[in-house]
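Q: Could you take me on a close look at the largest nonpolar core of this protein? I would like to know which residues touch the most other members.

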Amino acid sequence: MTTDDADEGWFYDKEAGHLVRPYAITNGRTGPVRDGFALITLVVTADPRADTSRLTPEPAAILDMCRERPLAVAEIAASMDLPVSVVKVLLDDLAEARLILTRAPVQLAEAPDISLIQAVIEGVRRL
C-alpha cells in the first residue's frame, strides 16, 4: 500500500485530515521505547521485498516510502502528515520487528573550551 492508497482509505479525508487519532495509531503510546530517532535520522526498509499486507496502513506506508532510498524521520512525518512523535513510535515498532534500518546523525566532537580559543587568538596576535 502506498501513501496514495492510504489517502483513499476510510481513515483519511482530504478536507478533514486523519480521522484516526494519533494515540489510536500508536496504540496509546506517547513515545518510542528507544531514544534513537532524531529528526535527521535516516530510515530505509531492511528488505525491499518485504510483504506489507499484514501491517496496519501507517507502518506499511513507511516501509513503502523507504524502499527506494533512505528518508529522514522529518521527511516521513511530513509526507504522512503525522506528528513526528507518532512517526517515532511507528519507527520504533518497525525497528523492533527488524523491518527497517536506521542511521543516526553523526555526532560532532565537543567544541573546545572558550579559554583555549582565546589563548590561540592571543598567540596568533603576538606573532
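**A close look at the core**

A: Happy to! A word on the whole first: the accessible surface of the protein comes to about 8800 Å², and 55% of that belongs to carbon and sulfur atoms. Please keep in mind that this is a predicted model. The protein has six helices and five strands, and from the N terminus on they run α-β-β-α-β-α-β-α-α-β-α. Of its 127 residues, 30% are buried. Among contacts between residues at least 6 apart in sequence, 67% join residues at least 24 apart.

Now to the core itself. The largest nonpolar core holds 20 residues, and those touching the most other members are Val43, Ile62, Ile76, Met80, Leu82, Val87 and Leu91. Two or more residues each are given by α3 (57-65), α4 (73-80) and α5 (84-96). The largest share, five residues, comes from α5. For a single view into the core, try Val87: leaving aside neighbours within four places in sequence, Val87 is in contact with Val73, Ile76, Ala77 and Leu82. In soluble globular proteins, nonpolar side chains tend to be buried together.

For contrast, turn to the surface. Ile114, Ile117 and Ile121 make a nonpolar patch there of about 260 Å². Ile117 sits in helix α6 (residues 114-126). With a relative accessible area of 37%, Ile117 counts as partly exposed, because that category lies between the 20% limit for buried and the 50% limit for exposed.

Technical notes: Residues numbered from 1 in each chain as written. Predicted model: local features only at pLDDT ≥ 70, side-chain atom pairs only at ≥ 80, totals over all residues. Heavy atoms only, no water. Core = buried A, V, L, I, M, F, W, Y, C linked by side-chain atoms within 4.5 Å. Buried < 20%, exposed > 50% of the residue type's maximum accessible area, 1.4 Å probe, protein only. Helix = DSSP H or I, 4+ residues; strand = E, 2+ residues; numbered from the N terminus. Contact = heavy atoms within 4.5 Å. Patch = residues over 30% accessible without salt bridge, like charges linked within 9 Å, V, L, I, M, F, W, Y side chains within 5 Å. Areas by Shrake-Rupley, 256 points an atom, 1.4 Å probe, with all protein chains shown as cover. Salt bridge = Lys/Arg side-chain N within 4 Å of Asp/Glu carboxyl O.
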